[in-house]
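This report covers charge pairs, aromatic pairs and surface patches. The sequence and structure come first.

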Amino acid sequence: MAIKEQGFRLSPQQRHMVRSGSDREQICFTMTLSGPIDQAGLREKFGLLIDRHEVLRTQFKCPETSRFPVQVIQPESDSFSQISLQITQSKEGWRLTATLSALALDLAAVDILSRDFLALCAGSSVAEPILQYADASEWFNQQLEDLQDRADAFWQERTRAGAGPLDALTCIDCAEPASLAIGKQRTKAVYDICDHHGVDPAALMLVCWARTLASTPINPAIVQFCFDGRIYPELDDLAGPVEIFAPVKTTAWSDTSIIEAARLQMVENSSAEQHLFEFDSSRGSPSAGFRMQALPEERTDGAYRVKVESVRMPPAPSDTTLWVRPEGDDLHLEIQQPETGDSYYLAQPEKLIERFLAVLDAALAAPMAPLSRLPASTSEDDMQLLSGLNGRRRETTPPASIVERVRLHAQELGNQPAILSQDKEVSYQELLDRALTFAGYLADVGLAAEDVVAIYSDQTVDWYTAVLGIWIAGGVCLAIDPTVPQKRADAEIEISRVRFAVRLTPGYAAPDSVKMLSFPPPPGSSAMIDPPLRSTLSGLAFVTFTSGTTGRPKGVATEHGNLAHYARAMAELLKPLNADRHASPAAPSVDLGMTSWLVALWTGGTVVVLPPEARLSAEKFAAANTKLAVDYLKITPSHLSMILQSEHVSALPAKGLILGGEELPAGLVRTVWSLAPSLSVINHYGPSETTVGALAQVLDADSLSGDAAGLGQALSSASVLPDDTVPLPLGQIKSELWIGGDTVARGYLNAPAETAERFRPDPRAQEPGRRVFLSGDLIRLREDGKAIFAGRVDDQVKILGHRVELSEVNAALMSQSSVHRAATLVVGSGVNQRLEAFVEGDAALDCPAVLAALAQILPKHSVPSNLHDVEQLPMLASGKVDRKALLALSIERRRPRRAPAGFAETVISEIFADVLSSPVDDAHASFFDIGGHSLLATLAIARLREELGLDLEIETFFRSPTVAALAELAQARIPERLKIVEEVYAMTDDEIEQALVKRQD
């Protein structure tokens, strides 16, 4: 063909390599030729080979006007300008090693070259190539352009799961490939099973590779499969890069059999091959690749023989690629990866080969077994990962109880503060004396061992005295939140079979069956001088109620030993001094706050009682924290986020910040460190059934990879393991977390069936009687054994740190006579997370009335923010509610709306919309009816102060929670300031700057 001086366009295959950086690589192949020929003759014949295939003398030049090079073919007189050829002699014959640009060849092209070179050396006739590569590349480009519409239809779903446009990738160094021969016996088993079941070995190996990838963060649902693009006869003899790494769908999770998965893979691969030249690599590529391709076969021609000894290929355009290479009666594996250095998230090539062989062996042993049961790790992996997950030394000596620790501190620390509030201080000696007096009173009224005593109270100094007194007398504490509805409190008392109650906060009316006790004890009550040893480690200490799946709450029964083991483990982690101060804004009925007061009483520290109003006001929280000099603070991420959005840096503690109750966003931790770089931040995880928490991690930069912080390792008081009936949850694989150890609670109080369902014998414990709690939380494991939260096995959710069973909310909705069916879901995230409920009802359905009824049954955090009346709940084919379709079917029967009008209402509605992350189009809608709650209210108040200068108390906001009411309030309180703010809003940036300069002058 004539030389085209301006050059030819690159083919789509070559552009793919340019985008991935592979164009900077070289391909190098070595072949051995034996026969009657000398070195000069060899070089002459290789020159003829270069003349025959223009791609071997093609230079790749990048014009100034383009980011892609073009193919410029050099004349035949300049044959060796683009290729390096080394010729040496060995006992097998002449060894030729050729090196050239990766844009020039693929593996099949090396086979074509070796065939033609043998014929040239032997003097055999060789037909001229039908196509030269530059001509073929033009055809490839034209095919892609002509079939673009078809490409959109087929390839879109196969590129959606990719890593993003390859234009965004940069050239990266590759780790040394790991390679291994799997052995003749294993290879024979692969081919025998494939022959027996009629499946392609490449499909079976790809299924096993996808399952292996599931043990990494790489998405195994789409893999780049290497196709040889020579699918037309005209392309059979084409030298050049024709192979295409195109995305194919794979199966890694299915319960279908391994063989059936391989058959489905064959169908998918065949479909992809039919659309091969429609694939536009610029759309993006998955992160994993696969090729099953042999080296060129050995050939003879008369007295001449040629054998390709090796081919060093450039890396495939993916992060991790498996090359399965048949060689004789053995299969060789080779894995290439970039050098990321991230051993936490991406296994090294040798480790991936080990895992692939574990998967393959399991598939060969039971080819009809469900694919989802294939292991994704080796037994050595399991041991190492579980060791990392349970890396802390477990303390075997029994701890003292919390009561015994308080007695010890009273003797050794005496007048050191045990409890501290803004207006009261109680020393350890005073705390013990008061608790003994209350215990004597309880004994006098007939309290028996493990009688449950309800304490109706917010967080107060007296609350701790009452708790210790109950424990000393052998009783059990049930903390009842004063904010819960009366019916909810009555249900908790009924389930706990409460005989006695203490009211420290006014307002609660106990049922007639419960005797209300005096606190402080009546005058003349005598202290227990020699208290009975009722509060042993195996004795029941505390009942904490959580949301229940049956529609009734469940009472978690925690023993004294559970509390003591937990307190000791957290003290080992935090290492606080005995004068340090510990606080939490959580109500006593919520186990989140137990961390603070248990650790304080265990170590001889001080429990700081924050005023209840501080929970709803960032300003008051920061003021109380500063005044009381808190060293360690336990709080939910959403609550802390609210406080920090109000820019109250003084709300942070001096030494340690413990975050728990919900998933911890990595961005929040970075915000904390930007404000207090030296502050220790601990992510703490665990359900109430395992005594507050079972895992914890002192965070650093490495533990913040991704959007959420890792859960860390088990505390020394706990042992954790994934569900041992399924493969270990590496990478993309998830598994339910089972928690064992000394902090597993006794069970659910007076609920043996529910206890038996969730508390099971520990399958790995060596001591008899050990149990695990099936948490319902899904986890994934990093390569270092640290756990990452990955969702739930059921519909339990967390709202502002509180557990909510959606089935309990649905049961409460359906208890209303006008509701026939109900479904609840979570919308928003973080501090904006809230419940939305959808119901099918009759003509009498009144949504506000139903919500008002729920507020009398459920805690605030379980009451939906909005209730939508729908004609019919959307259903999936499985018979379950289609949650994705619910929001689209929202047809709540609301009264006519009035859009915000005027400057003040417009600004306030915009503030509401920002805080709620949702448009506000009704000036008369209550902030709390459109997704708001008390924490978000504090943010709205801060924004009103910042943008309008309107200073409100939280109580005022609760009384006037609409856009219209607040605008009217602003007009009454700050009319002149509103005028100024409106004028500023109307000014341009230049006008504002000029006004400021003028004011300074």
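Arg325 is buried, because its relative accessible area of 10% falls under 20%. In this predicted model, the side chain of Arg325 meets that of Glu327 in a salt bridge, at 2.6 Å from N to O. Glu327 is partly exposed, with 30% relative accessibility. So a buried residue, Arg325, pairs with a partly exposed one, Glu327.

**Salt bridges**

The model holds 31 salt bridges. Side chains of opposite charge can pair when their charged atoms come close. Three of the bridges are tabulated here.

| Salt bridge | N to O distance |
|---|---|
| Arg325 – Glu327 | 2.6 Å |
| Arg792 – Asp777 | 2.7 Å |
| Arg9 – Glu138 | 3.6 Å |

Take Arg792 and Asp777, whose side chains form a salt bridge at 2.7 Å. This pair links distant parts of the chain. Arg792 belongs to strand S34, residues 787–792. Asp777 belongs to strand S33, residues 771–781. The two are 15 residues apart. Are Arg792 and Asp777 buried or exposed? Both Arg792 and Asp777 are buried.

Salt bridges with shared partners also build a network. Its members are Arg52, Arg115, Asp116, Glu128 and Asp237.

Arg9 and Glu138 meet at 3.6 Å, N to O. Arg9 sits in the segment before helix H1 (12–20), and Glu138 sits in helix H4 (residues 133–146), so their bridge ties together parts that are 129 residues apart in sequence. Arg9 is partly exposed, at 35% relative accessible area. Glu138 is partly exposed too, at 26%.

**Aromatic pairs**

How many aromatic pairs are there? The count is 22. One of them joins Phe225 and Phe290. Their ring centres lie 5.7 Å apart, with 25° between the planes. The pair counts as stacked because 25° is under 30 degrees. Phe225 is in strand S7, and Phe290 is in strand S9 (residues 288–292). They are 65 residues apart, so the pair links distant parts of the chain. Both rings belong to buried residues: Phe225 has 9% relative accessibility, and Phe290 has 0%.

Elsewhere, ring pairs link a cluster of aromatic residues. Trp463, Tyr464, Trp471, Phe542 and Trp597 make it up.

**Surface patches**

What kind of patch do Trp139, Ile231 and Tyr232 form on the surface? It is nonpolar, with about 250 Å² of accessible area together. Ile231 lies in the loop between strand S7 (222–227) and strand S8 (244–249). Ile231 is partly exposed, with a relative accessible area of 32%. That value is over 30%, so Ile231 passes the accessibility cut-off for a patch.

A patch of negative charge also appears on the surface. Asp989, Asp990, Glu991 and Glu993 gather there. Glu991 is part of helix H29, residues 989–1000. Its relative accessibility is 39%, so Glu991 counts as partly exposed.

**A loop position**

Ser650 lies in the loop between helix H18 (637–645) and strand S25 (656–660). Ser650 is partly exposed, at 38% relative accessibility. Where is Ser650 relative to Ala624? The C-alpha atoms of Ser650 and Ala624 are 9.6 Å apart in space. In sequence, Ser650 and Ala624 are 26 residues apart.

Note on methods
Residues numbered from 1 in each chain as written. Predicted model: local features only at pLDDT ≥ 70, side-chain atom pairs only at ≥ 80, totals over all residues. Heavy atoms only, no water. Patch = residues over 30% accessible without salt bridge, like charges linked within 9 Å, V, L, I, M, F, W, Y side chains within 5 Å. Areas by Shrake-Rupley, 256 points an atom, 1.4 Å probe, with all protein chains shown as cover. Salt bridge = Lys/Arg side-chain N within 4 Å of Asp/Glu carboxyl O. Lys, Arg positive; Asp, Glu negative; His and termini not counted. Charge placed at Lys NZ, Arg CZ, Asp CG, Glu CD. Helix = DSSP H or I, 4+ residues; strand = E, 2+ residues; numbered from the N terminus. Buried < 20%, exposed > 50% of the residue type's maximum accessible area, 1.4 Å probe, protein only. Phe/Tyr/Trp six-rings, centres within 6.5 Å; stacked < 30°, edge-to-face > 60°.
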